[in-house]
Amino acid sequence: MDRYPPIAEHGLVGDLQTAAMVSSQGVVDWFAAPRFDSPSVFAALLDHDRGGYFRLSPVHEEGTCRQLYYPDSAVLVTRFMSPDGVGEVVDYMVPRPGAASPRHTLVRTVRCVRGSVRFTLECRPRFDYGRAAHELDLRPEAAVFRAPGTTAHLMTTFPVERDGRDVVGEVTLALGDGAVAAFTVGGADDPAPAPVSVEGATEELWQVVDYWQDWVRNSRYRGRWPDMVNRAAITLKLLTYAPTGAPVAAATMGLPEQIGGERNWDYRYTWVRDGSLSVRALVDLGFVEEAGAFTRWLGARLRDGVDSGGEALQIMYKVDGEPLLTEEILGHLEGYRGSAPVRLGNAAADQLQLDIYGEAFYALSEGREVELQSAYQGWKTVAKALDWLADSWDRPDEGIWETRGGRKDFTYSRLMCWAAFDRGLEMATRFSRPADIPRWRTARDAILEQVVERGWSEKQQAYVQHYEEDVLDASLLLIPRVGFLAPKDPAWLSTLDAMDRTLVSDSLVYRYDPAASPDGLRGSEGTFSLCTFLYVDALARAGRLRQARYTFEKMLTYANHVGLFAEEIGPTGEQLGNFPQAFTHLSLIMAATTLDNALDRLRS
């Protein structure tokens with residue numbers, strides 16, 4: 001077993017409240033429960049020796065592995081091929097779209113589809129990020145792992161035995177035979193789950209397949225890339241905490257943007273920015289229920305902020321809306337391939353990032369089919385937030401990339417404040433709601449004039465990252481999407497050309513150059529996959545369709561074997577950062593729909 005398989009060598013399974021990462025070697029090396037942001041049970045991805053893992057795979061020196069999703073589903077199939085036979089491990093979790101549950105089960109079924117295969121099992125949980133010791137109670141019908149506040153049950157259809165505080169086992173299957181291992185995490189006093197059977201697990205598996213395929217059939221997408229768009233949509237759904245409708249930025253924490261570097265963050269929280277931009281992508285695909293759920297969550301956060309009298313919004317929250325995300329370092333974990341420190345929580349939650357108001361009101365405006373913002377009480381919250389922003393937009397902040405090098409007058413932050421007022425004015429008119437229209441219009445126009453005068457660099461002939469230097473920033477690729485400039489405005493085309501020269505490398509796009517604009521952190525990073533898809537979107541809007549389509553097709557080749565993307569692409573094409581990243585998948589959908597529409601207009 002590879003101590004640290006490549007980040008991309010994983011598939012994701014989940015139940016809409018939490019998720020597990022399964023490597024192409026059949027190892028569950030990340031699983032936190034009962035929520036995405038709960039303490040880990042398996043975290044070998046961050047420390048092979050201390051993190052814990054759940055392996056279920058054959059051992060054969062001449063074997064090879066292949067992994068795929070059952071079509072249009074979140075059921076993951078890992079295939080093992082050897083001269084003696086071919087075996088499969090099928091991983092799934094039963095979707096829990098309702099209320100929050102304290103109990104979550106990962107089901108692993110194994111079967112032999114050719115010859116004969118001997119499967120081995122190792123179940124080595126390490127609770128609370130490997131900080132909490134556990135006791136093992138091995139019974140004939142189950143292995144019970146007890147840690148403070150948590151009990152886990154491993155139910156199998158084949159014998160297992162004690163290995164210290166862990167369990168191991170093996171089962172040999174002939175053609176057509178199957179077996180099951182189900183791992184359930186619950187509260188301290190949870191009773192044992194019902195016994196498992198091959199027949200019961202098989203029936204349940206097909207019910208899970210039906211759930212996902214029925215959901216995907218609701219998609220309106222009829223474009224050129226249905227497989228990738230459907231996979232991106234399923235991934236966004238998997239990364240959404242169903243009880244509140246809040247999407248997490250990624251399923252993992254601590255995966256590095258540079259191997260051995262310190263840019264290792266906890267992404268298991270809900271960013272206002274990411275979630276807001278997902279609304280348009282979800283509505284475009286016809287997933288109005290999901291868009292509405294997030295809009296309601298966002299409205300509640302906005303209302304809490306307005307009522308508090310302080311900042312109207314925080315940049316991120318826990319999935320239940322809790323604003324406290326204290327950051328600490330888990331010094332006992334070595335980090336993925338030695339990439340330390342491993343951070344739990346996220347101190348960026350305390351940063352000032354004014355752009356989030358633009359994304360929030362963009363979501364409220366773009367989700368026209370949701371229309372929640374038209375309710376009078378909801379509108380009063382919107383109006384109060386914009387009144388507050390009218391007095392607060394002209395401040396230095398930390399910016400979209402959460403730099404830790406001090407506050408600056410970031411152009412993107414001003415751009416999105418402009419978008420907040422622009423969308424607020426549009427909604428006030430559309431819904432005929434009371435608003436301080438002159439005040440909002442004055443703020444909107446003042447921001448535009450400031451950005452045009454101070455955000456433009458004569459040297460670069462482009463809009464730049466902040467007012468102090470001539471550094472380019474790929475976040476500004478959203479300028480035409482939000483309507484600040486027309487897609488073919490000469491100033492925008494000149495900015496796009498400057499980004500081509502400075503930030504684009506073989507069609508892949510860097511966020512910015514840390515060497516030119518120090519961000520308070522050591523090391524470098526890869527190209528940012530979100531930005532590459534935003535680049536495709538901007539190229540398509542500018543009418544550069546050949547370049548846009550070729551860039552998009554090239555970017556799709558960086559997806560992993562099951563169609564998933566991490567945050568970044570490294571210099572040799574490896575995926576880096578937390579995985580899978582929701583922002584990347586929603587921007588893939590945005591780019592695909594924009595490019596499809598542009599190509600259709602060209603053909604008509």
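The buried residues of helix H6 are Asp-355, Ile-356, Tyr-357, Gly-358, Glu-359, Ala-360, Phe-361, Tyr-362, Ala-363, Leu-364, Ser-365 and Glu-366, where buried means under 20% relative accessible area, exposed over 50% and partly exposed in between, with a 1.4 Å probe and protein chains only. Helices here are DSSP runs of H or I of at least four residues, and strands are runs of E of at least two, both numbered from the N terminus. This is a predicted model, in which local features need pLDDT of at least 70 and side-chain atom pairs count only at pLDDT 80 or more, while totals for chains, interfaces and linings use all residues. Residues are numbered from 1 along each chain as its sequence is written, and side-chain values use heavy atoms, with hydrogens and water left out.

Because 12 of the 12 residues of H6 are buried, this helix is largely enclosed by the rest of the structure. What covers its buried residues includes helix H4 (272-285), helix H5 (288-308), helix H7 (376-390), helix H8 (411-431) and helix H10 (479-482). Helix H14 is likewise described as largely enclosed by the rest of the structure, because 17 of its 22 residues are buried. The table sets out the spans of these two helices, the expected span being 1.5 Å times one less than the number of residues.

| Helix | Residues | Expected span | Distance between end C-alpha atoms |
|---|---|---|---|
| H6 | 355-366 (12 residues) | 16 Å | 16 Å |
| H14 | 582-603 (22 residues) | 32 Å | 32 Å |

For H6 the end-to-end distance agrees with the expected span, and for H14 it agrees as well.

Two single residues show what surrounds a buried position. Thr-532 has its place in helix H12 (residues 529-541) and counts as buried because its relative accessibility is 1%. Leaving aside residues up to four places away in sequence, Thr-532 touches Ser-507, Leu-508, Val-509, Thr-551 and Met-555, a contact being heavy atoms within 4.5 Å. Pro-256 lies in strand S18 (residues 253-256) and, at 0% relative accessibility, counts as buried. With residues up to four places away in sequence again left out, Pro-256 touches Ile-7, Arg-263, Asn-264, Tyr-336, Ser-339, Leu-576 and Gly-577. Pro-256 and Pro-341 are 85 residues apart in sequence, and their C-alpha atoms are 9.6 Å apart in space.

Turning to the strands, two of them pair if DSSP finds at least two bridges between them. Strands S10 (residues 135-138) and S11 (residues 143-147) run antiparallel and are joined by four bridges; they form a hairpin with four residues between them, and Leu-138 stands opposite Ala-143 in S11. Elsewhere, an open sheet of three strands has the order S28-S29-S30, with antiparallel pairing. Its edge strands are S28 (527-528) and S30 (575-576), each of which pairs on one side only. S28 pairs with strand S29 (residues 568-569) in the antiparallel sense over two bridges, and the bridge partner of Phe-528 in S29 is Glu-568.

The last topic is enclosed space. A cavity is a set of points, on a 1 Å grid over the protein atoms alone, where a 1.4 Å probe fits but cannot get out, and its lining residues have an atom within 4 Å of a point. By this rule there are four cavities of 30 Å³ or more, and the largest cavity holds about 290 Å³ of space. Of the 23 residues that line the largest cavity, the closest to its centre are Tyr-267, Trp-401, Glu-402, Arg-511 and Glu-567.

Definitions and conventions:
On a 1 Å grid over the protein atoms alone, a cavity is a set of points where a 1.4 Å probe fits but cannot get out, and a pocket is an open set with protein on both sides within 12 Å along at least five of seven lines; lining residues have an atom within 4 Å of a point. Grid points are joined across faces, edges and corners, and a volume is the space filled by probe spheres set on the points.
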